[in-house]
Amino acid sequence: MCRSIKTLRPPATPDEATEEEIRAAALQYVRKVSGFRAPAAHNREVFDQAVEAIAEATAELLGGLEVRGAAQRA
């Protein structure tokens, strides 16, 4: 489904994604799921809330991932 969303964390290193990158990925996801590139005025609030919720969940996920063997490669 969301193949065009940028991978925010390379698989072999513990690099951190920026807040901007996380929000951009969340926005791409909400656009894809909703089918709207930009919501109508009456949908703006729920659209923006979804982007923020997904960005928060993404940051939590990335912050909690443990990449085994990354220290050995650095």
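## Overall layout

Starting at the N terminus, the elements of the protein chain run α-α-α. The secondary structure comes to three helices and zero strands. Keep in mind that this is a predicted model, so everything below is computed from predicted coordinates.

The protein chain has 74 residues, and 19% of them count as buried. About 5800 Å² of the chain is exposed, with carbon and sulfur atoms supplying 52% of that area. Now for the contacts: if you take those between residues at least 6 apart in sequence, 63% join residues at least 24 apart.

## Helix H1

H1 covers residues 19–34. Its 16 residues should span 22 Å at 1.5 Å a residue, and the end C-alpha atoms are indeed 22 Å apart, so the two figures agree. Just after H1 comes Gly35, which takes a positive phi of about 85°.

Five names are worth marking on your view of this helix: Ile22, Ala25, Ala26, Leu27 and Val30 are buried in H1. As for what sits over them, the cover for the buried residues of H1 includes H2.

## Helix H2

H2 takes in residues 44–64, which makes 21 residues. From its first C-alpha to its last it reaches 30 Å, close to the 30 Å expected at 1.5 Å a residue. Its buried residues are Phe47, Val51, Ala55 and Thr58. Looking down the axis of H2, you'd find the buried residues within an arc of 70°, so they line one face of the helix.

The other side of H2 is where Glu45, Glu56, Glu60, Gly63 and Gly64 are exposed. The covering works in both directions: H1 is part of what covers the buried residues of H2, just as H2 is part of what covers those of H1.

## The nonpolar core

The largest nonpolar core has 10 residues. On the H1 stretch you'll find Ile22, Ala25, Ala26, Leu27 and Val30, and the rest of the list is Leu8, Ala17, Phe47, Val51 and Ala55. H1 and H2 each supply at least two residues of this core, and H1 gives the most, with five.

Ala26 is a handy place to look at how the two helices meet. Leaving out residues up to four places away in sequence, Ala26 touches Val51, Ile54 and Ala55. Two of those partners, Val51 and Ala55, are also listed in the core alongside Ala26.

## Salt bridges

Side chains of opposite charge can pair when their charged atoms come close. A search of the whole structure turns up two salt bridges. One of them joins the side chains of Arg23 and Glu52, at 3.1 Å from N to O. This pair links distant parts of the chain, with Arg23 in helix H1 and Glu52 in helix H2, 29 residues apart. Neither partner is buried: Arg23 is partly exposed, with a relative accessible area of 36%, and Glu52 is partly exposed too, also at 36%.

The other salt bridge brings together the side chains of Asp48 and Arg44, at 3.2 Å from N to O. Here both residues lie in helix H2, four residues apart, or about one turn of the helix. Asp48 counts as partly exposed at 28% relative accessibility, while Arg44 is partly exposed with a relative accessible area of 36%.

## Two more spots to look at

Thr7 is in the segment before helix H1. With a relative accessible area of 61%, Thr7 is exposed, because anything over 50% counts that way. If you want to place Thr7 against H1, its C-alpha atom is separated from that of Ile22 by 9.7 Å, and the two residues are 15 apart along the chain. Ile22 itself is one of the buried residues of H1.

Ala57 is found in helix H2. At 46% relative accessibility, Ala57 counts as partly exposed, because this value falls between the 20% and 50% cut-offs. Measuring from C-alpha to C-alpha, Ala57 and Ala26 are 9.3 Å apart in space, with their positions 31 residues apart in sequence.

Technical notes. Residues are numbered from 1 along each chain as its sequence is written. This is a predicted model: local features need pLDDT of at least 70, side-chain atom pairs count only at pLDDT 80 or more; totals for chains, interfaces and linings use all residues. Side-chain values use heavy atoms; hydrogens and water are left out. Buried means under 20% relative accessible area, exposed over 50%, partly exposed in between (1.4 Å probe, protein chains only). The expected span of a helix is 1.5 Å times one less than its number of residues. The arc is that of the directions from the helix axis to the C-beta atoms. Contact means heavy atoms within 4.5 Å. A nonpolar core is a set of buried Ala, Val, Leu, Ile, Met, Phe, Trp, Tyr and Cys residues joined through side-chain atoms within 4.5 Å. A salt bridge is a side-chain nitrogen of Lys or Arg within 4 Å of a carboxyl oxygen of Asp or Glu. Accessible areas come from the Shrake-Rupley method with a 1.4 Å probe; for residues, only the protein chains shown count as cover.
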